[in-house]
Amino acid sequence: MSIMATLPALVRTVADGQAVALSHAQEQLYFLQRLEPTLTAYNLPRVFELEGPLDADAMERAFQALIARHAILRTRFFERDGAMVQEAQAGVEFALERIDLSALAPAPRKQQLDALVERTAEHVFDLTAAPALIARLARLGEQRHVLVVCLHHIVSDAWSNPILAGDLAVAYRLALRAEGAVHLPPLPVQYADYAVWQRACVEQGALARQLDHWNRHLGTDVPALDLPTDRARPAQKSFAGRTLGFDLPPALAAALQKLCRAEKCTPFVMLLAAWQVLLARYSGQDDFAVGVPNAGRQQEEVHGLLGFFVTTQVFRARLAPRRSLREIWRQVRTDALAALDNADLPFELLLASRKDRRDPARSPLFQVMFSAQMLDGDAALDLEGLRAEAVEFEEAGAKFDLSLDFYLDPQRVHGRLEYNTDLFDEATIAAMASAYRALLADAVARPDARLGSLAL
């Protein structure tokens with residue numbers, strides 16, 4: 001019998017106005033926000049440049065329809081009798097903030113726009129009041145606008161982006177054709193139903209086998225990754241951070257894809273293996289762990305929901321210098337397949353089950369993250385009559401010491417290093433990105449070379 005077969009059914013059980021427990025991941029975020037009320041490291045901002053005749057009123061009503069459809073956007077978070085709970089309200093007020101910058105000269109207009117993006121990305125959410133979403137529309141000209149959207153992670157995740165974009169596009173199209181409120185089709189379940197389902201899985205012991213798998217994979221004690229830093233580590237973990245973007249050269253990306261086909265693995269496997277090797281060379285350690293996000297959407301019922309479903313899986317790296325990168329690829333592929341079969345376990349339950357030494361200056365179990373996402377256009381904002389283009393921008397905040405995220409499409413392999421600025425300087429991170437590219441190029445050219453001989 002598969003592990004999935006032991007899980008209870010996910011059905012609609014929670015009504016608006018009914019307070020229920022948070023999911024395990026939400027609970028951790030709510031705790032962090034209470035601990036540091038001005039924390040913005042868990043904000044999820046997005047920026048779009050829009051060209052064409054925009055109807056701002058229709059856009060506002062489209063957002064209102066999105067909020068009406070997804071109860072998580074109408075949800076407030078609070079404590080009741082010592083327990084953290086969430087409660088979806090039947091309706092909430094929402095207005096699209098509109099800022100007209102069209103009369104400004106180019107330089108001050110850009111300055112004001114940059115300030116608007118920064119202000120939105122660093123918005124401090126009050127989780128006791130819904131929605132944990134803000135949207136601002138800057139008018140740059142008759143047919144030029146910038147839309148800035150930010151949600152708190154407690155109500156969304158990266159896999160929610162295409163859902164938000166798709167629903168907003170449908171609602172905007174409807175709003176263009178009629179006055180008044182726009183209505184999207186109701187959803188079969190809501191996020192609160194998922195939170196109740198997850199708690200039931202735990203209480204019924206349905207995730208015990210998955211917990212056993214992860215504890216066997218990690219062993220009894222996971223060494224902390226001790227990278228050389230530019231400054232002494234603060235006594236308490238901080239969230240100050242920035243990001244640095246870089247691309248893989250097209251020839252290297254093509255060679256990587258060719259090798260993936262030969263090895264029958266995904267780019268995720270090879271990119272993660274190279275990241276592990278780089279971290280080992282920088283730290284001088286051959287044993288540590290890397291966190292890897294999983295969508296957490298194994299159940300079909302939640303595929304169309306906005307919400308915080310993502311969970312973190314912990315891959316333990318054991319990298320003896322005598323091993324080849326090809327051997328590491330195959331080990332990572334084996335670990336990744338096992339992770340897919342054990343993807344329902346909340347990270348918080350794994351953490352609670354363990355007795356690893358805790359250090360308030362470091363994240364528990366792992367201090368570095370890795371992710372790779374295939375971009376297929378579904379997350380693009382397809383608004384009728386408009387050309388919408390997502391804009392990259394500098395984000396503040398870092399959840400871990402380092403996070404390497406890759407975004408892959410047929411034309412480009414784009415990397416993004418998020419780093420803690422209390423530990424690292426930008427020059428150090430730029431050098432690390434260059435070293436990663438060099439190591440990956442050497443590994444693709446010499447996949448059977450010993451790890452210790454690969455060039456940085």
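1. Let's start with the small open sheet. In this predicted model, three strands line up in the order β1-β4-β3 with antiparallel pairing. The edges belong to β1 (20–21) and β3 (75–80); each has a single partner strand, so one side of each is left without a neighbour in the sheet. If you want to find the β1 side of the pairing, look for two bridges from β1 to strand β4 (residues 83–88), where Val20 stands opposite Gln86.

2. Next, look at what lies over this sheet. Helix α1 (residues 24–35) lies across β3 and β4, and runs at about 75 degrees to β3.

3. Thr75 is a good residue to pause on while you are here. Thr75 is found in strand β3. Is Thr75 buried or exposed? Its relative accessibility is 5%, and because buried means under 20%, Thr75 counts as buried. The side chain of Thr75 reaches the backbone oxygen of Ala71 at 2.7 Å. Leaving aside residues up to four places away in sequence, Thr75 touches Gln86, Glu87, Ala88 and Ala130. Gln86 will be familiar as the residue opposite Val20.

4. Ala130, one of the residues that Thr75 touches, has a feature of its own that is worth a look. A cis peptide bond joins Ala130 and Pro131, with omega at about 0 degrees. Pro131 lies in the loop between α3 (106–121) and β6.

5. Back in the first sheet, please check the turn from β3 to β4. Asp81 lies in the loop between these two strands. Asp81 is not a glycine, yet it has a positive phi of about 55 degrees. With 80% relative accessibility, Asp81 counts as exposed.

6. A second residue to view alongside Asp81 is Lys264. Lys264 is found in the loop between α7 (250–263) and α8 (267–283). Here too phi is positive, about 55 degrees, although Lys264 is not a glycine. Lys264 counts as exposed, at 70% relative accessibility.

7. Now to helix α2, residues 56–69. How far apart are its end C-alpha atoms? The 14 residues of the helix should span 20 Å at 1.5 Å a residue, and the end C-alpha atoms are indeed 20 Å apart, so the two agree. At the start of α2, a side-chain oxygen of Asp55 comes to within 3.1 Å of the backbone nitrogen of Asp57.

8. The surroundings of α2 are worth exploring on screen. The helix is mostly covered, with 11 of its 14 residues buried. The buried set includes Met59, Phe63, Leu66 and Ile67, and also the charged-named residues Glu60, Arg61 and Arg69. Among the elements that cover these buried residues are β2 (43–51), β5 (97–100), β6 (133–141), β7 (144–152) and α4 (161–177).

9. Strand β7, part of that cover, pairs with two other strands. Nine bridges join β2 to β7, and these strands run antiparallel; Leu44 has Leu151 of β7 as its bridge partner. Eight bridges join β6 to β7, again antiparallel, and Ala138 stands opposite Val146 in β7. The link from β6 to β7 is a hairpin through two residues. Eight of the nine residues of β7 are buried, so the strand is largely enclosed by the rest of the structure.

10. Further along the chain, Pro293 is found in strand β9 (residues 287–294). At 21% relative accessibility, Pro293 counts as partly exposed, because the class of buried residues ends at 20%. Which residues does Pro293 touch, not counting residues up to four places away in sequence? They are Trp159, Val310, Thr311, Thr312, Met369, Phe370 and Ser371. For a sense of distance, the C-alpha atoms of Pro293 and Glu51 are separated by 34 Å, and these residues are 242 apart along the chain.

11. Finally, step back to the whole protein. There are 11 helices and 14 strands. For 456 residues, a compact globule would have a radius of gyration near 23 Å; the protein has 23 Å, which agrees. Along the principal axes, the C-alpha atoms fill a box of roughly 70 × 55 × 45 Å. Of the 456 residues, 54% are buried. Among contacts between residues at least 6 apart in sequence, 80% join residues at least 24 apart.

Conventions:
Residues are numbered from 1 along each chain as its sequence is written. Side-chain values use heavy atoms; hydrogens and water are left out. Helices (H or I, at least four residues) and strands (E, at least two) are DSSP runs, numbered from the N terminus. The expected span of a helix is 1.5 Å times one less than its number of residues. Buried means under 20% relative accessible area, exposed over 50%, partly exposed in between (1.4 Å probe, protein chains only). Contact means heavy atoms within 4.5 Å. A polar contact is a pair of N or O atoms within 3.5 Å; within protein, one must be able to donate a hydrogen and the other to accept it, and residues adjacent in sequence count only if both atoms are side-chain atoms. Two strands pair if DSSP finds at least two bridges between them. Axes are lines fitted to C-alpha atoms, for helices over the stretch in contact, and angles run from 0 to 180 degrees between N-to-C directions. The radius of gyration is taken over C-alpha atoms; the globule rule is 2.2 Å times the number of residues to the power 0.38.
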